[in-house]
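Biologist: I am new to this structure, and I would like a close look at a single part of it, with enough of the surroundings to see where that part sits. Please take it slowly and explain any term that you need on the way.

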There are 2 protein chains.
Amino acid sequence: MTLEEMKQKFQDWKFATSAYQMAITIISIDKLTVAPPAGAAYRDAREAYLSGELFSMETDPEIAELFRNLLASDGLTQTERREIELYQKEMNHILSIPKQEYVSFRALQNRAYDVWHQAKLDSSYAQFEPVLKELIEAKRRLYSYRNSSESVYNQMLDDFEPGMNMEKYDAFFTKVKERLVPLIQKVAAAPQPDTSFLHLHYPAETQKKFTEEVLLPYLGFDHSWGYQNETEHPFTDFTCENDCRTTTKYLEDNVVSSIFSTIHETGHAWYMHDVDPAYDGSILSFGISSAMHESQSRFCENYLGRSTAFWEALYPKLQEYFPEQLGNVSLDAFMKAVNASMPSLVRTEADELTYPMHIPVRYEIEKYLFAENGSADHLDELWNAKMKEYLGVEVPNDREGILQDVHWSSGDFGYFPTYALGSAFGAQFFAAMKKDLDVDECLRSGNYRTCMNWLKTHIHQYGCRYDAPKIMKMATGEEFHPEVYLDYLEEKYTKLYNLE
Amino acid sequence: MTLEEMKQKFQDWKFATSAYQMAITIISIDKLTVAPPAGAAYRDAREAYLSGELFSMETDPEIAELFRNLLASDGLTQTERREIELYQKEMNHILSIPKQEYVSFRALQNRAYDVWHQAKLDSSYAQFEPVLKELIEAKRRLYSYRNSSESVYNQMLDDFEPGMNMEKYDAFFTKVKERLVPLIQKVAAAPQPDTSFLHLHYPAETQKKFTEEVLLPYLGFDHSWGYQNETEHPFTDFTCENDCRTTTKYLEDNVVSSIFSTIHETGHAWYMHDVDPAYDGSILSFGISSAMHESQSRFCENYLGRSTAFWEALYPKLQEYFPEQLGNVSLDAFMKAVNASMPSLVRTEADELTYPMHIPVRYEIEKYLFAENGSADHLDELWNAKMKEYLGVEVPNDREGILQDVHWSSGDFGYFPTYALGSAFGAQFFAAMKKDLDVDECLRSGNYRTCMNWLKTHIHQYGCRYDAPKIMKMATGEEFHPEVYLDYLEEKYTKLYNLE
């Protein structure tokens, strides 16, 4: 085969796999948003079958050889080489898994989601425990085929954030805890601002109108390339540059929950939308790592979305939609309330300062689950104990406790730490952006797109072209160091709570 | 291969094809409801690819041989034999089409939908004409591979309604016109009831609330197995017994448009839901013919949905949702208005009496398009002339004229006649149902499900197990004859308009 023929074969293979990937993505979005639940068994079995077909293509020995031959040739651009190396890495992770086992795992994931969803509605960890055990067992088995010398959990961490492992995360969380635990205690001892007006009755319908008529247009989340739906657990997914989907959930006793989750999810969506369109349909079109993805979404949510300038643009409009609830609340009082810090139960609702403390709860449980003697027996008790330890809160039920997050229901162990790491990445990006832009002026004047363009230029456009540490270096001129994040939180909350 | 092995191979093939079919269905529903339009090119190309993969499986020579061997064996139940014969018939229709041509046609269909949708928004037939020509040309070519001695249009008619052809439809429409044209004229000359209150301002939001809180529950369209979304052109689709999707469209100047379209589409959905679940994933799970499908949807819409008993249950609730608009309108006045007959522009909004006259307009245009000298040049003019001839109305624009219906945008020529035929089937089913049930009492007391159960027992459960004429005979004890339908219309409208 000539080089051109090999390249063509590679392109054809990419197109075919991207077609299956697209089908699986759309089936998944459909399942998580609107698909009638009683049809799940029928659909899930077929989704698993199609995933198996994709698996066969992704582990095709002919394609493995094609990768080797292409990489051995000297006719590749650096981007082509990078792309093939990434595909090859993915292939090596799954190459030795028996197809039937892979298909069974997909079916298990589909089933586990429904079990988790019902268990959460019923607030019963006991309902979820058996399937969680199945997931853990299946994951252990799937990783066993890799024959890595690394522990299973280190491999999981590396899958979501290449280069990370328990040692590095332990060091990171140690620093975080050292600085934040005393800060959180000081804040807890200080007088709290009034937040009660955020929790009056806010009809979901009116929240939705505000989101669609004001918030999404302000965020530039355009109907031509983006669509927001509703779901139990907000998420973002995409098929290509011009097809990014987000979801949200309206809580009638919390006017800002859906707003911040919308800003968060559209932050993911902007990342997907702004990757170089030449990468559409390729592995290069994905975000480079989970922490990098969360750095973008939490950047939008917190560094931009919780700033006064952001709300100078939007708060008068929010008051128009909720005149009875907010008509007499000043912008200053509103800003104090949306930035108030108070240990709480639910990660996605947590304030910026206590948020990172939700992560070690999950991280340490995951470490335990995949350690020698780990077991999911009575894991709710361990959860509740750790929540008490790190956040000082009593967990009243599983719904707001161990069942709050969707991740484990799909076997995604090792993801959570990237939320904290991503938040920390974000602080460094924020510092760099402020050197180039008058961020407050952009937000105040409705030029949110200008901030997104900065992210596009420095981060989004690259997709998977460069790894996360390199992007950090290119975007900020520095390696990652968590002090920027911890300094930012200290400065912000010292000021907000007049701690000095 | 033993018989058992052959049967297993057949089951595996069915499962695999049903997985692709499901993916294609969900991708299509997604496209027609929520998918961001700018992503269409990316998605459509991949959908076409997956359709091509399904096409390869459906035309696999090994499977063709399997069908022959199974049919030659004497170990099949009658149901198994019927099922394989149906698959074989489908296969024979496409067997000689080159795969690339099939894939191109799928891509054309996807593109044509978007062109039609934009052309309709812009009310410009000129925008749609070129792609309509491509569709006609492509369809002609696809049918040429069948090597049938029948004309292309007769084959199309037979595809949607096995056994039907131009000769039979001509005879049917002649009878319809003979009886209905004079009746429509008499009605037009009679004093018209007031319908103005139907066209006050009815906010879409409130309509949606009524639909979701009152109408869908009354119709028994349960969230566990059904989901209704919104779209430009209402449709129903399904993946299995417990996954039926409908759509509707709320018009703010017409309070009943979406209601009757909802009753119509959920009529299709009940058919899909009530097929014997043993047929899930098989060709047997589909409706037996288009007219039979439309007979069910139009049955629900008209024979049930436009009856006084139906509204005795629902009208007081509708008044509660729209007290300003309907508070002072009596049930009697409302019933007269929703049954008022007046020639109009849009088929889906037409009353029961003038509705069938919309069909020859389309049927005769399709006959012309696929005749020797047919051409889509200036087809809007032909449309407008025929609307004038059959309904006496002047068409003011293409949006309410030739571009109103979605069907041609996917190359579905030959479908329209089944609407009229299905309406006529419905009258015969209605007469039979009334012998067994006190239909009015069922509707009045909220037992809509009892009527659906009658349809399930006599029609739905069979799926494609028996052909339409046999089902008609089993359900009503008679062959189909259109007089029952024409008598029904004559009696209903003579009474409504005091014509005697």
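Modeller: One term is needed before anything else: a residue is called buried when its relative accessible area is under 20%, exposed when that area is over 50%, and partly exposed in between. What you see is a predicted model, and everything that follows should be read with that in mind.

I begin with the setting, taking chain A as the example. Of the 500 residues in chain A, 58% are buried, and its secondary structure consists of 21 helices and three strands. The C-alpha trace of chain A extends over about 75 × 50 × 45 Å along its principal axes. Because a compact globule of 500 residues would have a radius of gyration near 23 Å, the 23 Å found for chain A agrees with that expectation. Among the contacts in chain A with a separation of 6 or more, 73% join residues 24 or more positions apart. Its accessible surface is about 19700 Å², and carbon and sulfur atoms account for 50% of this area.

The part I have chosen for the close look is helix H8 of chain B, which runs through residues 166-189. A simple check on its length comes first: since 24 residues at 1.5 Å a residue should span 34 Å, the 33 Å between the end C-alpha atoms of H8(B) agrees with what is expected. The helix nevertheless has a bend of about 30° at Leu180(B), and Pro182(B), a proline, follows within four residues.

At its N-terminal end, H8(B) is capped by Asn165(B), which places a side-chain oxygen 3.2 Å from the backbone nitrogen of Glu167(B). Asn165(B) itself belongs to the loop that joins H7 and H8 of chain B. Once its neighbours within four places in sequence are set aside, Asn165(B) touches Asn154(B) and Leu157(B). Helix H7 of chain B covers residues 152-160.

Along H8(B), the buried positions begin with Met166(B), Tyr169(B), Phe172(B) and Phe173(B), and they continue through Val176(B), Leu180(B), Leu183(B), Ile184(B) and Val187(B). Leu180(B), where the bend is placed, is therefore one of the residues that fall under the 20% limit for being buried. These buried residues pack against four helices of chain B, namely H7, H15 (355-369), H17 (417-436) and H21 (483-496).

It helps to follow the chain back to helix H6 of chain B, which comprises residues 125-144. Its 20 residues reach 28 Å from the first C-alpha to the last, close to the 28 Å expected at 1.5 Å a residue. H6(B) also has a kink, of about 25° and centred on Val131(B). Val131(B) is buried, and so are other residues of H6(B), including Tyr125(B), Phe128(B), Glu129(B), Leu132(B), Lys139(B) and Tyr143(B). The cover over the buried residues of H6(B) includes H7 and H15, two helices that also pack against the buried residues of H8(B); H5 (99-122) and H16 (379-391) of chain B contribute to the cover of H6(B) as well.

Between H6 and H7 of chain B lies a loop that holds Asn147(B). This residue has a positive phi of about 55° although it is not a glycine. With a relative accessible area of 70%, Asn147(B) is exposed, because the limit for that word is over 50%. In chain A, Asn147(A) lies in the loop between helix H6 (125-144) and helix H7 (152-160), and there too a residue that is not a glycine has a positive phi of about 55°. Asn147(A) counts as exposed, at 70% relative accessibility.

To draw the close look together, H8(B) starts from a cap provided by Asn165(B), bends at Leu180(B), and sets its buried residues against H7, H15, H17 and H21 of chain B.

How values were computed. Residues are numbered from 1 along each chain as its sequence is written. Chains are lettered from A and ligands numbered from 1 in the order in which they are written. This is a predicted model: local features need pLDDT of at least 70, side-chain atom pairs count only at pLDDT 80 or more; totals for chains, interfaces and linings use all residues. Side-chain values use heavy atoms; hydrogens and water are left out. The expected span of a helix is 1.5 Å times one less than its number of residues. The bend at a residue is the angle between axes fitted to the seven residues ending there and the seven starting there. Buried means under 20% relative accessible area, exposed over 50%, partly exposed in between (1.4 Å probe, protein chains only). Contact means heavy atoms within 4.5 Å. A polar contact is a pair of N or O atoms within 3.5 Å; within protein, one must be able to donate a hydrogen and the other to accept it, and residues adjacent in sequence count only if both atoms are side-chain atoms. The radius of gyration is taken over C-alpha atoms; the globule rule is 2.2 Å times the number of residues to the power 0.38. Accessible areas come from the Shrake-Rupley method with a 1.4 Å probe; for residues, only the protein chains shown count as cover.
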